[in-house]
Amino acid sequence: MTKWAFRAGLAGSLIALVSCWPGSQAPRTNAPQPGLNPYVTYFLIDGLNQDVFEEELARGNLPHIARLVEDGVYIRNGIGAYPTMTGYAFYPFLTGVDAVRSGIYGLRWFDRGRDRGPFRHYVGKTAVNMNLDMRPDVKTMFEQFGDDHSMSVNSFMTRGVAKSTGKVWDFTMTKYRDDWWLAWFLAHIPVFGPKIVPTLEEVEAEVADLLIDDLEAAPKVQWVTFASPDAYAHVYGVDDRYRELVRNIDVQIGRYRDASRALGQEEGRIYLVLSDHGSETVTENIQMEDVLGGYGLRAWRGKAAPGALESSKIENEVSEWEDYDVLAIINGNLMNYLYVRNPEEAGRIWFERPTYEQLTNYPTQGGGRVDLVERLSREEFIELVVYRHPDGSTHIRTREGLGIVTKAGDTYGYRIEGRDPLQYGAPARRTAAQWLNTTAEAAYPYAVVRLHDLMWRENAGDILITASPTYDFGSDYEPFVGNYRGGHGGIRGKQLRVPYVISGPGICKDKQVPVATAEGLGATLNQLLGMTNPEQASPIPGALCPKGAATAGLPRADGAGTRRLVIEPASQQDRKDVG
């Protein structure tokens, strides 16, 4: 009996119950053709802790990634999308556009414009809705090369891809083997147990095998999410075992490069080594439904994976939430959107935002009033309370101070009352690029821009809260595990700041860039390939070699008209000239 038959016979439909990744999706209706070089390969390391990466790289424990660093551009402080969420944070890498402009707001959010399916969630079967909810006028990298073969493994964001697949069973069984009786039982079956419930290293090797096997089809674009660091850190935190998983991913990258080289594809391949967010260890888990209940408010947070067994459609009526005061929507466990119903809009309580005056003088179930902003800011487990002010500014509040963000033209102002919540030390007015450069290594990098741009989008929460160090908002939230020991979703440096590497033809060699955004990196790739998108960010200055610019519009040999990149090798002098 094969291991697949054995698994299917034992588990059957239980896969759907525990899925945290979407399964394989239907391929495109058109038959893709082999791509021409340059090829693009995204290696996304889910939940990569920046400190761990830097230490392992310096110790020589990541030799294959180190070679990509030597042959390309290393961005030490990559600033990810906010909120720091898997799936949502993929958007800027695939489009060159800031994720807040994507039409979605994280892994879970509430759409005030819908009377059916307003609670948008992308875990389990409903993951396919992420692609449907994204704005249609911005093309993913898969869509940019829509005639060519492409592949995605373990990803939520797959619009336009020719082939999408994943390792749902393996990751689920391995992640929960010590916390779910079925996974534990299957793992301990003599002889067959290790085949049914493999190690995380074995799962990642299977993931790499999927990519390697697909190379025969000459895919123009491949995306893989190596999920083991995030899966492990959520359950156990960031420890020595976490480091081993990062080293194993480097091994899989080496295997992939060997296969690409054997097929003669390596010279024309552009590599991106990325992460969607960092990860922090937590020790205390908070239930925000209970906290808000203590204020006299009825709160709802929903399930971690509401779409795991149901249809892929999201069709709940908005009336389902008519008796609640607050929806506490979790993103990454270390962040909540708080959507507050408007108590004075009869019949439209969830369609109209509450005013600032209502948030600060809100009617409770017992007939009293509560200043929701002030009350939240006094909780020791809440780090930042972020909300919109009627004057158009964004307020960032703590127990000891207030930061006020304003925007005028292309500059963002920041002033402080009391102790600075972001620890910048002084008020300032700067462009987004200046904020990026001056706060790259701060406790809250680029937070002025990230928070303001998010909070004034149409469907952001009325209040955003982030968890204090060691806390999360996911008490008894996740299936089987209950309480996590690691997480993300917030805007502290350990969650927002991650390393990026881009390497290959047209990319400068052995160049270090101190800081760049995720959308800046995506825009750099677009420029290299001769692509563009509406509202695209500016490319990373100096990342492309002077003689490595893209030449767009060249036809394929078969006349199909697909764009093709022609690269002229950069001389040693060229490399010196760009630093």
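1. In this predicted model, helix α3 (residues 50-58) packs against helix α13 (residues 240-262) with an angle of about 60° between them and their axes 11 Å apart. The crossing by which α3 passes α13 is right-handed. On the α3 side the contact involves Val-52, Glu-55 and Glu-56, which meet Tyr-242, Arg-243, Val-246 and Arg-247 of α13. Sorted by class, the residues in this contact of α3 with α13 are 3 nonpolar and 4 charged, with no polar residue.

2. As for the overall composition, the protein contains 21 helices and 25 strands, and 61% of its 579 residues count as buried. Among the contacts between residues at least 6 apart in sequence, 71% join residues that are at least 24 apart. The protein exposes about 21,300 Å², and carbon and sulfur atoms supply 49% of that area.

3. One sheet deserves a separate description: it is open, has 9 strands with mixed pairing, and runs in the order β11-β12-β13-β21-β16-β17-β18-β19-β20. Its edges are β11 (299-300) and β20, and because each has a single partner strand, one side of each is left without a neighbour in the sheet. Helix α18 (residues 447-455) packs on this sheet, where it touches β13, β16 (382-388), β17 (394-397), β18, β19 and β21, and its direction makes about 100° with that of β19.

4. Within the sheet, strand β13 (residues 335-340) pairs with strand β21 (residues 463-467) in the antiparallel sense, over 4 bridges. In this pair, Tyr-337 stands opposite Leu-464 in β21.

5. Towards the β20 edge, strand β18 (residues 401-408) and strand β19 (residues 411-418) are paired in the antiparallel sense over 8 bridges, and Ile-404 has Arg-415 in β19 as its bridge partner. The two strands form a hairpin with 2 residues between them, and Gly-409, which lies in the turn, has a positive phi of about 65°.

6. Strand β19 also pairs with strand β20 (residues 428-431), again in the antiparallel sense, over 4 bridges, with Tyr-414 standing opposite Ala-428 in β20. Which strands stand at the edges of the sheet, each with a single partner strand? They are β11 and β20, and for β20 the pairing with β19 is antiparallel.

Methods: Residues numbered from 1 in each chain as written. Predicted model: local features only at pLDDT ≥ 70, side-chain atom pairs only at ≥ 80, totals over all residues. Heavy atoms only, no water. Buried < 20%, exposed > 50% of the residue type's maximum accessible area, 1.4 Å probe, protein only. Contact = heavy atoms within 4.5 Å. Areas by Shrake-Rupley, 256 points an atom, 1.4 Å probe, with all protein chains shown as cover. Pairing = 2+ DSSP bridges. Axes fitted to C-alpha atoms, helices over the stretch in contact; angles between N-to-C directions. Left-handed = near helix turned anticlockwise from the far one by under 90°. Nonpolar A, V, L, I, M, F, W, Y, C, P; charged D, E, K, R; others polar.
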